[in-house]
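Student: I should like to look closely at the backbone of this protein. Could you guide me through the places that deserve attention there?

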Amino acid sequence: MSELSQLQPSSLWSIFANICAIPHPSKHEQKISAWIQQWACELGIECKEDTVGNLFLKKPATPGMENCKGVILQAHMDMVPQKNAGTEHDFLNDPIRPYIDGEWVTAEGTTLGADNGIGLASALAVLASDDLKHGPLEVLVTIDEEAGMSGAFGLKAGWLDGDILINTDSEQEGEVYMGCAGGVDATATFPLEMQAVPTDWQSFNLSISGLKGGHSGVDIHLGRGNANKLLVRFLLQASKQFGIQLTELNGGSLRNAIPREANASFVVDAKHIDALQNAFSTYLAQIQTNLAVVEPELTMMLIQPEEFEQMWSKECQHRILSALNAAPNGVQRMSDDIEGIVETSINLGVIRCKGPKLVVLNLIRSLHDDGRIQIEEQVESLFSLAGAQVEFSGAYPGWKPSTDSPIMHLVRETYHQLFDNWPEVMVIHAGLECGLFKTEYPHLDMVSIGPTIKFPHSPDEKVDITSVSEYWKLLTRVLANIPHK
């Protein structure tokens, strides 16, 4: 951890090192919340907690800036818990192990939590500073952003006083975000029909791994392989050609992360084993060739595990595999209004056998409500026809861009003054909390900025060291330039 504290700005990196040392996966933010409250108490910073677990910290304006517009710095305290298959790590108890890798900071075999730990560290560093200029300052730290946005959903009127909100959850230095996609979770639950395995059939386990994964919004346009889709495609082919019947199917870990790994167990008549193994080798070579550029580490393994007594019925299996193979995944439409921006997408993120049921989790995102609803209807039609019960939950609105935003123009002008270059004004295909904040605080003028973070939501996550310094310069200069009311 001391390695990070040698980076600049040292105050930000030291706080980020402390954040890494405290387990804080989504739904388990109690330890990081307690640390923030204790940290604030030791520094004499006002801190309070609402009923859902969000934290509100407050600091008076520096002398002479009392009449400036109030600013709210906003970050979320949770992180996405992802690890490589060979990594021993308990996200509920073990610290993240960050290290410097050239121009980047990354972690040993797990997600780093730069999303949104760097933003959180920057907000706390501003609070801790004695020499930064700013008007009335608040920091809003939400819970559960990555797994349902329950903190943002639970935010009530009356807690915040500021006029401007600066979200710190963007992931590209040199870009200023003034809008984001909305989203909804789609859950399809299939009942499983089981039957006895014939005595002369052989058991196999098939796994796929080595995929990059990534953020199901930010990285969805990069053409990366979806482990669930790649595995299901072969299973469907093998069921038609060799009559394999499944005993288990699991893949992915989070609905907002592109699946990196998936596995299935099945049985097959012994007379088909040689042909099955040949077909497996052919399929693996085919997808490795097709995805060589984007997925150079892709691999699949076919092994013989212990024997199974129960298998899915042929009819049940056909319905499920056909539906999963046909299910939409990836970019569905690019924006007509903003060049190069994804408008609508879906991530078939998780497949889980849970007793007598198979549960499939999807995350649908869109810049427009109608785009989201169109994919909802498509998903419901497909999975319902295949015998699943389909439910939608956790819908959150997008953040509609405002080209007249004063804070957006201030950030652009400040960036130009600092770096002699104009930043790109963007809309992000990810679920920032800003749209939900507008519900209870419609007056807020909002913008989102951040450093360059690559491959969030995957163990390859890394943050560019230089971009953190530039982000810090931009943030602190903007705070110093906030106009009077």
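Tutor: What follows is a walk along the backbone of this predicted model, with peptide bonds taken up before phi angles.

Let us begin with the peptide bonds. Gln 8 is joined to Pro 9 by a cis peptide bond, and its omega is near 0°. Pro 9 belongs to a loop, the one between helix H1 (2–5) and helix H2 (10–20). A cis bond is also found from Asp 115 to Asn 116, where omega is about 5°. Here the setting is a helix, for Asn 116 is part of H4, which covers residues 114–128.

We now turn to the phi angles. Lys 27 is not a glycine, yet its phi is positive, near 75°. This residue sits in the loop between H2 and helix H3 (30–43). How buried or exposed is Lys 27? Its relative accessible area is 48%. Exposed requires over 50% and buried requires under 20%, so Lys 27 is classed as partly exposed.

His 457 likewise is not a glycine and has a positive phi, in this case about 70°. Its place is again a loop, between strand S22 (453–454) and strand S23 (462–464). The relative accessibility of His 457 is 2%. Buried means under 20%, and therefore His 457 counts as buried.

To bring the phi angles together: Lys 27 has a positive phi and is partly exposed, whereas His 457 has a positive phi and is buried.

Key: Residues are numbered from 1 along each chain as its sequence is written. This is a predicted model: local features need pLDDT of at least 70, side-chain atom pairs count only at pLDDT 80 or more; totals for chains, interfaces and linings use all residues. Side-chain values use heavy atoms; hydrogens and water are left out. Helices (H or I, at least four residues) and strands (E, at least two) are DSSP runs, numbered from the N terminus. Buried means under 20% relative accessible area, exposed over 50%, partly exposed in between (1.4 Å probe, protein chains only).
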